Amino acid sequence: MEATVRPLGAPLAAEASPAAAVPWHVAAVLFASTCVVAGITWDISWHSTIGRDSFWNPAHVTEYVGGLVAGLSCGWVALRATFAGTPADRARLIRFWGFHGPLGGWICIWGTFAMLTSAPFDNWWHNAYGLDVQILSPPHTVLALGILAIQFGALVMALAWQNNATGHDARPAALLSAYAFGIMLLMAAIMGTEHFFRSFMHSSDFYRSAALVFPVFLAAALRSTTLRWPATTVAAVYTLGRLLAVWILPLFPATPRLGPIYQDITHMVPPDFPLLVLVPAIALDLLFRRTPPRRSDWINAVVLGLVFLGIFLAVQWPFADFLMSPSARNRFFATTNFPYFLPKTTRSYHYLFVARDPDRAAFLRGLGLAALFAVLSTRLGLAWGAWMRAVRR
Amino acid sequence: MSPRARHLAALAAAGAAVVAFSGHIGSPNTFFDGDAGPYRIHVVVQVPPVVPGLAEITVRVLAGRADAVTVRPIFWRTGERGSPPADPARPVPGDPRLFTGQLWLMEAGTYNVRIDVRGADGAGAALVPVTAAATRRLAMQAPLGWLLAALGAFLAVGLVWIVGAAVREGGVPAGEAPDPRRRARARVAMLAAAGAVALALTGGRAWWNRVDAAYRRNLYRPLAVRAHVDARAGAPTLTVAIADSAWTSGRMTPLTTEHGKLMHLFLVRLPARDAFAHVHPEPVDSTTFRVRLPPLPAGRYRILADIVHESGFAETLTDIVEVPAPGAATAPHDAAAAPPTATDPDDTWHVGGADSPPGALQTARLEDGSTIAWRHPPLVAGRDAALRFTVTGPDGRPATLEPYIGMLGHAAVLRDDDSVFVHLHPMGSFAMASRETLQRRERGDTGTGRWFRPAPADPGAAPPMAHHAPAARPASAIEFPFAFPRPGDYRIWVQVKRAGHVLTGVFDAHVGADPRGGGRAD
């Protein structure tokens with residue numbers, strides 16, 4: 001991709017241009033979206049390694065930068081279009097309380113406000129109920145909604161650019177859209193962390209959660225981006241993003257600053273190795289190309305959803321055995337990392353699977369439910385993707 | 001909710017850890033006066049009302065030339081090996097002898113705070129036991145409530161509007177107006193979004209309420225006890241039974257002795273507080289304690305029983321009993337009559353109120369004709385000021401005090417509504433057994449597991465940390481480090497020993513509110 005960033009004063013939406021140039025506000029929100037997901041990955045590592053939290057720790061600052069860049073850049077776009085834009089500029093935008101801005105921009109601004117709202121709420125929550133007793137608390141949910149909104153807003157802005165693009169802009173716009181999807185997939189995988197632990201990989205709950213989380217994004221990308229390998233590109237962004245965290249974080253020495261400490265930790269604890277979503281994503285791309293154009297999306301969802309789950313199960317299950325084996329205890333697969341608060345009496349510390357299904361019948365019932373989730377998630381993704389393929393503003 | 005269910009919920013919330021708390025009522029802060037090697041220090045730890053939370057610690061170096069102070073909370077279950085490294089306590093500008101820091105207390109239970117002092121006089125360390133537990137839920141202040149409500153409303157309205165705009169205009173090419181079909185679909189989408197937002201808010205509210213209810217259920221409460229007095233065998237006998245399922249289920253660590261006694265029990269006659277006893281019930285079985293009462297006047301008594309668990313966790317159990325008139329028979333409470341119990345020679349009692357009204361100088365006449373005096377500035381809630389008492393013999397000369405139950409003196413402080421009770425020693429407000437058991441835990445360390453095994457008590461072994469030994473220093477004055485937690489009226493019983501006799505002086509104290517806002521009024 002050869003692309004430059006258009007200056008601040010450039011027109012907001014794309015028009016035919018001789019060289020591919022990323023609109024500055026799309027670049028800004030994608031940067032913000034990246035900051036937020038990088039900050040959260042860092043933050044989780046911080047909580048697993050150092051433990052001691054502060055408002056200004058660098059992981060938090062990275063998240064704030066993401067939130068502020070998204071809110072301020074979109075705010076600037078709206079102000080400029082409203083007070084200094086041409087009627088042609090404003091005709092490409094959406095009006096809200098007298099201001100004109102892109103749809104993705106309004107979503108990003110909403111996300112920034114949600115993040116801002118969560119700050120005093122979370123502060124009170126800490127004082128009332130203790131410092132981060134739960135990962136998923138009401139104020140953290142407000143924060144997560146804000147973050148998701150920023151990432152979704154960035155995606156909508158990238159897709160609006162793609163959908164209006166012609167000529168040289170088309171390919172970078174589609175690639176950046178897939179990148180925005182990949183960031184959302186990274187975020188979704190983080191939110192599902194408690195279901196995606198290595199020791200759960202031989203339980204139906206793991207596959208149910210994966211069937212719920214991943215197909216919706218892959219199917220939406222299939223439908224909305226103009227790339228030849230959309231699902232593969234999205235899954236590759238997730239895989240690469242996660243691998244960077246797995247490989248880079250342990251390079252930094254760190255020790256726990258909170259007790260009780262149950263693990264001997266000398267460096268930042270990285271997240272787990274990425275799930276093998278890339279393999280079923282390649283299959284989805286190959287399959288979607290061969291889909292008859294007039295076939296019902298429900299049939300598409302059944303085919304794509306079941307293929308996703310079948311292939312994911314076929315590759316992740318044996319890969320889980322490998323991850324539990326001594327062969328994976330190295331810097332590449334990074335399975336020797338445990339948070340400081342994990343007691344050494346736990347099964348996961350001893351590389352043992354946790355049997356979450358009481359018996360085989362329960363496991364098979366769980367997989368049946370996973371198949372249903374995969375189909376519904378794919379169907380939702382196709383519908384969402386169809387709407388996003390049409391976004392113009 | 002039954003006590004069993006309540007405690008099961010507490011155990012579940014604490015990750016099967018036992019909820020622990022300070023051995024006092026209404027006065028959670030810890031005070032320490034003692035030595036850290038060559039330095040004499042005064043330490044105050046203000047524990048947070050919620051856990052996990054941050055405790056504030058101040059260390060004043062009273063004697064010695066200290067340059068640096070570090071503080072480190074060591075959790076009872078994981079010991080030194082499982083505790084984070086020490087943090088520096090920062091010197092307070094303008095007061096080079098005062099150092100302040102924060103302690104991150106992430107789990108409910110007992111901590112030994114290790115205080116290291118370094119300077120021109122060398123290095124020294126002291127251990128101060130601190131217990132942490134959730135004791136209250138912060139209320140939301142109105143301005144914050146309104147701010148959050150306004151932001152929440154803005155977000156809700158904004159979300160509905162964005163959904164409408166997305167459906168109405170999102171797919172419309174530049175310069176074109178949305179057609180009526182799009183507008184109609186947008187209205188439906190906005191209605192659906194409004195419904196979803198309402199549902200999310202309702203669900204969020206229910207979630208919040210659930211978290212709040214669980215939190216309130218798990219607030220610390222002392223173990224429930226049932227006490228009664230039986231006078232059939234002649235001398236009235238007090239029986240205290242721990243009736244709480246948290247105890248009878250066997251999930252808590254056993255009790256350990258404090259100054260050689262498993263239970264230190266105070267009786268105070270209600271409502272005048274004109275009769276007081278400090279007795280030491282003996283265990284009959286793992287839940288029941290019994291003691292022969294001294295000849296107290298009949299009436300209703302508040303009992304306050306201090307116990308310490310092997311985890312270092314100290315708590316005060318409380319109940320109310322009726323003490324009958326001497327010779328009166330009481331109805332039997334159980335089939336087995338209370339066996340006669342030998343009286344502990346350290347059991348003491350005192351009948352009578354304060355000799356002088358609250359004031360800058362108060363005195364009390366002791367049983368042997370000596371006098372105990374308390375001179376103090378106006379008492380203010382939250383202000384750290386030692387309670388200093390001096391004892392003068394009948395001849396008018398300073399008396400020589402002897403150790404009583406391992407200490408130069410004991411003080412029991414009770415607020416007039418029983419909402420505050422503290423048992424103080426010259427070393428501070430904590431149970432000595434908490435510190436000793438945690439020190440033994442280090443010697444018996446079997447790893448950073450979920451449980452611990454203290455080494456057997458070894459009375460001959462020197463304590464690992466040098467500490468202040470008040471009994472070794474003959475004195476006529478005694479000081480208790482303390483700050484009254486709340487304004488109000490308090491009664492203080494000070495117990496000292498002179499010429500082989502335990503003497504009790506009674507004082508009343510009126511504690512005012514801190515004009516700067518410290519100390520919580522009713």
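Select Arg273(B) to begin: this residue is partly exposed, with 18 other C-beta atoms within 10 Å. Bear in mind as you click around that the model is predicted. Check the backbone here too, since Arg273(B) has a positive phi of about 60° although it is not a glycine. As background, most residues other than glycine have a negative phi, and most peptide bonds are trans. Arg273(B) sits in the loop between S12 and S13 of chain B.

Stay in that loop and pick Pro271(B), which lies between strand S12 (264-270) and strand S13 (275-279) of chain B. The peptide bond joining Leu270(B) and Pro271(B) is cis, with omega about -5°.

For another cis bond, jump to Val51(B) and Pro52(B): the peptide bond from the one to the other is cis, with omega near 0°. Pro52(B) is again a loop residue, between strand S2 (39-46) and strand S3 (53-63) of chain B.

**A positive phi in chain A**

Over in chain A, select Ala334(A), whose phi is near 50°, a positive value in a residue other than glycine. Is Ala334(A) buried or exposed? With 21 C-beta neighbours inside 10 Å, Ala334(A) counts as buried, the cut-off being 20 or more. To find the place by element, look in the loop between helix H10 (297-324) and helix H11 (360-389) of chain A.

**Strands of chain B**

Go back to chain B and show S4(B), S5(B) and S6(B). S4(B) pairs with strand S5 (residues 87-92) in the antiparallel sense, over three bridges. Label Val69(B) and you'll find it standing opposite Ala89(B) in S5(B). S5(B) also pairs with strand S6 (residues 95-105), antiparallel and over three bridges. Here Val92(B) has Asp95(B) in S6(B) as its bridge partner. Zoom in on the turn: S5(B) and S6(B) form a hairpin with two residues between them, and Gly94(B) in the turn has a positive phi of about 85°.

Next, colour S9, S10, S15 and S14 of chain B. They make an open sheet of four strands in the order S9-S10-S15-S14, with antiparallel pairing. Which strands are at the edges? Strand S9 (225-230) and strand S14 (282-283) of chain B are, each pairing on one side only. Two bridges join S14(B) to strand S15 (residues 288-292), and this pair runs antiparallel. For a residue pair to label, try Glu282(B), which stands opposite Arg290(B) in S15(B).

**A helix pair in chain A**

Hide the strands and show helix H6 (residues 170-191) and helix H7 (residues 204-224) of chain A: their axes come within 10 Å and cross at roughly 175°. H6(A) and H7(A) are therefore roughly antiparallel to each other, as angles over 145 degrees count that way. To see the contact, turn on the side chains of Ala178(A), Phe181(A), Met184(A), Leu185(A), Ala188(A) and Ala189(A) on H6(A), and of Val213(A), Phe214(A), Phe217(A) and Ala221(A) on H7(A). By class, that contact has 10 nonpolar, no polar and no charged residues.

Another helix stop is Leu244(A), in helix H8 (residues 230-248) of chain A. Leu244(A) is partly exposed, with 13 other C-beta atoms within 10 Å. Draw a distance to Gly111(A): the two are 133 residues apart in sequence and 26 Å apart in space, C-alpha to C-alpha.

**The nonpolar cores**

Now for the interior. The largest nonpolar core has 228 residues, of which Ala158(A), Leu218(A), Val234(A) and Ile115(B) touch the most other members. Centre on Ile115(B). Leaving aside neighbours within four places in sequence, its contacts are Ala36(B), Ile41(B), Val43(B), Val59(B), Val69(B), Val71(B), Ala125(B), Ala126(B) and Val128(B). There is also a second, separate core of 10 residues, including Val246(A), Tyr262(A), Ile265(A) and Met268(A).

**Where the chains meet**

Finish at the interface, where 46 residues of chain B are in contact with 36 residues of chain A. On the chain B side, select strand S4 (66-75), helix H2 (142-169) and helix H3 (180-217), each supplying at least two residues. Which element gives the largest share of that side? H2(B) does, with 14 residues. Colour the chain B side by class and you get 29 nonpolar, 12 polar and five charged residues.

Notes
Residues numbered from 1 in each chain as written. Chains lettered and ligands numbered in written order. Predicted model: local features only at pLDDT ≥ 70, side-chain atom pairs only at ≥ 80, totals over all residues. Axes fitted to C-alpha atoms, helices over the stretch in contact; angles between N-to-C directions. Parallel < 35°, antiparallel > 145°, perpendicular 65-115°, else oblique. Contact = placed C-beta atoms within 7 Å. Nonpolar A, V, L, I, M, F, W, Y, C, P; charged D, E, K, R; others polar. Core = buried A, V, L, I, M, F, W, Y, C linked by C-beta atoms within 7 Å. Buried ≥ 20, exposed ≤ 12 C-beta atoms within 10 Å, placed from the backbone. Pairing = 2+ DSSP bridges.
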